[in-house]
Amino acid sequence: MFLVIPLAFVSCVSVEDTLTDQAMSQAGSNASEIEKVLNSYDGEKKEAAEYLVRGMLGQYSLTGPGLDSIEQLYKKLPQPNGRWQLDSLQLAEGKRYEIMPRNKVMDLKTLSADFLLQNISDFQHVSNLRSWNKNFERKELYETLLPYRIGDEPVTEWRDAYRKALDSISPEIDKATTSVEAARYISKAVGEIRYNIQLNIPHRSALALLDSPVGYCREECDRTLHAMRAFGIPGAIDAILVSPDNGTSHQWTVVLDNVDHIFRMFDNGKYPPTRDSLHYDGRRKGKVYRNMFMPDRDKLAKYRRMHDAPYELMNPRLKDVTAEYFGHNEAKVKVNVKSGTIFLGIFTPQGYKPIDMAIKVKRGIAIFQDIEPDLIYFPIIRNGSEYRTCGNPFMLESNGNVHDFIPDSYRKETVAMKRKMPFWLHLIRGMSSVVGIKTQTGSTPAGPWDDVDSITSVPSHNFYRIPVNLNKKNRYIRLLTSPMHDARIGEVLVSVDSLASQCVPLSLITDTPSEKKNKLVDRNILSWTLIDKDSVDLVFRINSDEYVSSIFIIPQNDDNYVVPGEEYELFYFDRNEWKSLGKKTAEGFDITYDVPANAVLWLRNLTKGKEEQIFICRDGRQLFNADLGVARLELNLNSF
């Protein structure tokens, strides 16, 4: 499709006519069905039909018996224990289905006129039904309400099915006066998807998402957008290709506000749509792209001469909307190459990832447009299948200045590091869940109990230590969870020392399911148990006569904290390479280095784990990308 669509830009006729002609050509033997759609209407309906047909260029479904079998596995969820995860046998089945051949079914070659005409008719009905849609231009509605698909999912007749499934909120939506208010009802009714990333599959069909609501952010967005369009609420899906926080991709739903024509982001179960402002969801974004039904002409024009840009950036259905979030800006960055394609790079431990390209490279200066301020970027250039840096890491400050991170080895700063990844929003739920837990010790399983601790604030480390002085008689520990909220506990440990390096055996003797027993004392801090606020108190027995000086309560966490006894290596970036500041074994719950001022740093755990992110040092503190947006008011980068 990338080779065909740009021909419209050199044609003497209009872009629209050229794209329509190309659609007819691609339809092949199905051209009569497409022609029937184009000839069925006059006026606005004909305009909608032409938009739909042009948007079908390059659209397809991925199908196959393996994908059908995976859907049958999903229908068996949740398991009898309430978990929305495939068991080991099902997962092994799913992995076999996952690699089975898939068919690419082109829309223009297969979709019937009846299906497309019904889609147009439904679009006309819901767009005219809602008063808020009168404020939009027709093309805005074509893009946000008319599409029959989102990605590469099997095409189904989903609109009426979604209205029936969500019929209970129809009265509220009928009373809504704005698109944002209506989207709020949809967001609440659809709710969060049941998180499951066990299998790597294409987009799931709209009907499958109704039957088996499992997946990740992609499936949640798809399901929400299907529901919005079924009820005549204009929306879209925005995405980041590579997160500056953790190196992964992410997407979210947006609703088009009929009052000011601004797309407003929301997240089911976390924050509802509101007209107050664009939400800040705690994620750093770098660049934001909107998934479009119609290919973006600006993208096609920008990349038509590029031969080394990756697929994600070439995709003409990803429209750059970064300026809608952060305003228009420009960063002029020094690079050590005079020509070629320079990309805007994000660091990941697996290599640099491109999220945009420079609009111009001239005399050693690359110009990037519309990027999120107060983030650490790298100018990068393609090197085979990978990317290498071609200049210093930089930051576009909120005032428009570009700050280069050039380390000053003559000036040193001391930084005490507790983590190798930012404390990110997804950690808050688990780490804060232990607030309110009271810890007691006793000489028998029934007490009497002595209070030794109460957690009153979010722990600053995943190993929350309670100093105790337990002799041979005090062999029992009781945890009383907060009556206000559930607790997510990863592990409970008891140790002879204060570093959890000399732990003694511990068992849970409360009458709870064996799964909870195992996870709370299995020495795996990544496995965790949800302790209901109304559950019985947790009683543990110390299975040793050794003296105990510490009790550790470990909340649900990502295990990216510095841990005593593990080996670390700190790097700083200088002249296109990472230079080591040496290896150290942590002697406590943090690790200290002297670092060059104004350096970008990277802490690696050589003992275990693979999640790591870059940061800078300021006043002895680690500041990851996730922190810079919050800290930018107090951080004067020019003082480095």
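1. Surface patch. In this predicted model, F423, I428 and V458 make up a nonpolar patch on the surface. Together these three residues have about 240 Å² of accessible area. I428 belongs to helix α17, which covers residues 425-432. The relative accessibility of I428 is 45%, so this residue counts as partly exposed; the cut-off for exposed is over 50%.

2. Helices α3 and α7. Helix α3 runs over residues 43-55 and helix α7 over residues 113-129. The two pack with their axes 11 Å apart, at an angle of about 125°. The helices α3 and α7 are therefore oblique to each other. For the reasoning, note that angles of 65 to 115 degrees would count as roughly perpendicular and angles over 145 as roughly antiparallel. The crossing in which α3 passes α7 is right-handed.

3. Helices α11 and α13. A second packed pair consists of α11 (residues 179-190) and α13 (residues 217-230). Their axes are 10 Å apart and the angle is about 135°. That angle makes α11 oblique to α13. Here too the handedness can be stated: α11 passes α13 in a right-handed crossing.

4. Salt bridges in total. Side chains of opposite charge can pair when their charged atoms come close. With a limit of 4 Å between the side-chain nitrogen and the carboxyl oxygen, the count for this model is 31 salt bridges. Some of these salt bridges form a network, which links D122, D160, R163 and K164.

5. The pair R290 and D238. What is the N to O distance in the salt bridge between R290 and D238? The distance is 2.7 Å. R290 sits in strand β8 (residues 289-291) and D238 in strand β5 (residues 235-240), so this salt bridge ties together parts that are 52 residues apart in sequence. Both R290 and D238 are buried.

6. The pair R411 and D408. The side chains of these two residues form a salt bridge at 3.1 Å, N to O. R411 has a relative accessible area of 36% and is therefore partly exposed. D408, with a relative accessible area of 23%, is partly exposed as well. The cut-off that matters for D408 is the one for buried, which is under 20%.

7. The pair E612 and R604. Are E612 and R604 buried or partly exposed? Their side chains meet in a salt bridge of 3.2 Å, N to O. E612 has 2% relative accessibility and so counts as buried. R604 has a relative accessible area of 31%, which means that R604 is partly exposed.

8. Two buried residues and their distances. L479 lies in strand β23 (residues 476-480). With a relative accessible area of 0%, L479 is buried. Between L479 and D453 there are 9.8 Å in space, C-alpha to C-alpha, and the two are 26 residues apart in sequence. V504 is placed in the loop between β24 (487-495) and β25 (506-508). This loop residue, V504, is buried too, at a relative accessible area of 3%. V504 and V180 are 324 residues apart in sequence, and their C-alpha atoms are 56 Å apart.

9. Cis peptide bonds. Most residues other than glycine have a negative phi, and most peptide bonds are trans. The bond between L77 and P78 is cis, with omega of about 0°. P78 is in the loop between α4 (65-74) and α5 (88-98). Another cis peptide bond joins G447 and P448, again with omega of about 0°. P448 is located in the loop between β20 (438-442) and β21 (449-454).

10. Positive phi at D559. D559 is not a glycine, yet its phi is positive, at about 55°. Where is D559 placed? D559 is in the loop between β28 (548-555) and β29 (567-574). At 14% relative accessibility, D559 counts as buried, since the cut-off is under 20%.

11. Positive phi at R575. R575 also has a positive phi of about 55° and is not a glycine. The residue R575 lies in the loop between β29 and β30 (577-585). Is R575 buried or exposed? R575 counts as exposed because its relative accessibility is 65%.

How values were computed. Residues are numbered from 1 along each chain as its sequence is written. This is a predicted model: local features need pLDDT of at least 70, side-chain atom pairs count only at pLDDT 80 or more; totals for chains, interfaces and linings use all residues. Side-chain values use heavy atoms; hydrogens and water are left out. Patches are made of residues with over 30% relative accessible area and no salt bridge: like charges are joined within 9 Å, nonpolar side chains (Val, Leu, Ile, Met, Phe, Trp, Tyr) within 5 Å. Accessible areas come from the Shrake-Rupley method with a 1.4 Å probe; for residues, only the protein chains shown count as cover. Helices (H or I, at least four residues) and strands (E, at least two) are DSSP runs, numbered from the N terminus. Buried means under 20% relative accessible area, exposed over 50%, partly exposed in between (1.4 Å probe, protein chains only). Axes are lines fitted to C-alpha atoms, for helices over the stretch in contact, and angles run from 0 to 180 degrees between N-to-C directions. Angles under 35 degrees count as roughly parallel, over 145 as roughly antiparallel, 65 to 115 as roughly perpendicular and the rest as oblique. A crossing is left-handed if the near helix is turned anticlockwise from the far one by less than a right angle, and right-handed if clockwise.
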